[in-house]
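User: I've got a model open and I'd like to go through the labels people put on it. Could you take my "why is it called that" questions in turn?

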Amino acid sequence: MANVEALLKERGTQWGDAVDTHTRIAAAWSATLNHIVNPVDVALMMVQLKVIRAQINPGNADSYDDIEGYTQIAKLIAGHPSCLSENFQDELPL
């Protein structure tokens, strides 16, 4: 778990706040798909991607760390006021 916490801190420094980043990705995916995607969906979709990568290369520990990291991000986002599901139901965010 400490490895995942260090990874999240490093990625936060590199890419910015996870809530903001996942909100921006959700907006872009919503526009592309013409379907509402919320920030938690983004994190869960990334977990699915990493699960598939782990299936393809089960010996790569990075995939498992990434799965844990995106799961923690999903938990963080799910409890964040700006990312509550009702904010993403009425209209596309872009």
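**Labels and the values behind them**

Analyst: Sure. Buried residues make up 30% of the 94 residues in the protein, and bear in mind that this is a predicted model.

User: What makes up the fold, going by helices and strands?

Analyst: There are four helices and zero strands. Along the sequence that reads α-α-α-α. Of the contacts with a separation of 6 or more, 63% involve residues 24 or more positions apart.

User: Why is K50 called buried?

Analyst: K50 has a relative accessibility of 10%, and buried means under 20%, so K50 counts as buried. K50 lies in helix 3, residues 39-56. Leaving aside neighbours within four places in sequence, K50 is in contact with S63, D66, I67 and Y70.

User: How do you know that K50 and D66 have a polar contact between their side chains?

Analyst: The distance is 3.1 Å between the side chains of K50 and D66, and the cut-off for a pair of N or O atoms is within 3.5 Å. So the pair qualifies as a polar contact.

User: And D65, why does that count as buried?

Analyst: D65 is at 16% relative accessibility, and the limit is under 20%, so D65 counts as buried. D65 lies in helix 4. Not counting neighbours within four places in sequence, D65 is in contact with N3, V4 and L7.

User: What makes L7 buried?

Analyst: The relative accessible area of L7 is 18%. Buried is under 20%, so L7 gets the label. L7 sits in helix 1, residues 2-15. Setting aside residues up to four places away in sequence, L7 touches D65 and D66. The C-alpha atoms of L7 and D65 are 8.2 Å apart, with their positions 58 residues apart along the chain.

User: Which residues of helix 4 are buried?

Analyst: In helix 4 these are S63, D65, D66, I67, G69, Y70, I73, A74 and I77. As background, an α-helix has 3.6 residues a turn, so residues three or four places apart point the same way.

User: How do you know what span to expect for helix 4?

Analyst: The expected span is 1.5 Å times one less than the number of residues. Helix 4 has 18 residues, which gives an expected 26 Å, and the model reaches 26 Å from first C-alpha to last, close to that value.

User: What makes N60 a cap for helix 4?

Analyst: A side-chain oxygen of N60 lies 3.0 Å from the backbone nitrogen of D62. Set against the polar-contact limit of within 3.5 Å, that pair fits, and N60 caps the N-terminal end of helix 4.

User: Why are helix 2 and helix 4 called roughly perpendicular?

Analyst: The axes of helix 2 (residues 18-33) and helix 4 (residues 61-78) come within 10 Å and cross at roughly 90°. Angles of 65 to 115 degrees count as roughly perpendicular, so helix 2 is roughly perpendicular to helix 4. Helix 2 contributes A18, V19 and H22 to the contact, and helix 4 contributes Y70, I73, L76 and I77. By class that is six nonpolar, one polar and no charged residues.

User: Which label does the angle between helix 2 and helix 3 earn, and why?

Analyst: Helix 2 and helix 3 pack at about 90°, with their axes 8 Å apart. That angle falls within 65 to 115 degrees, so helix 2 and helix 3 are roughly perpendicular to each other. H22, T23, I25, A26 and W29 of helix 2 meet P39, V42, A43, M45 and M46 of helix 3. The residues of this contact divide into eight nonpolar, two polar and no charged.

User: Is A26 buried or exposed, and how do you know?

Analyst: A26 has a relative accessible area of 0%. With buried set at under 20%, A26 is therefore buried. A26 is found in helix 2. Not counting residues up to four places away in sequence, A26 touches V37, N38, P39 and V42. Its C-alpha is 9.5 Å from that of A43, 17 residues apart along the chain.

User: What about N34: buried or exposed, and why?

Analyst: N34 has a relative accessible area of 62%. Exposed means over 50%, so N34 is exposed. N34 lies in the loop between helix 2 and helix 3, and has a positive phi of about 55° although it is not a glycine.

Terms used:
Residues are numbered from 1 along each chain as its sequence is written. This is a predicted model: local features need pLDDT of at least 70, side-chain atom pairs count only at pLDDT 80 or more; totals for chains, interfaces and linings use all residues. Side-chain values use heavy atoms; hydrogens and water are left out. Helices (H or I, at least four residues) and strands (E, at least two) are DSSP runs, numbered from the N terminus. Buried means under 20% relative accessible area, exposed over 50%, partly exposed in between (1.4 Å probe, protein chains only). A polar contact is a pair of N or O atoms within 3.5 Å; within protein, one must be able to donate a hydrogen and the other to accept it, and residues adjacent in sequence count only if both atoms are side-chain atoms. Contact means heavy atoms within 4.5 Å. Axes are lines fitted to C-alpha atoms, for helices over the stretch in contact, and angles run from 0 to 180 degrees between N-to-C directions. Angles under 35 degrees count as roughly parallel, over 145 as roughly antiparallel, 65 to 115 as roughly perpendicular and the rest as oblique. Ala, Val, Leu, Ile, Met, Phe, Trp, Tyr, Cys and Pro count as nonpolar, Asp, Glu, Lys and Arg as charged, and the others, Gly among them, as polar.
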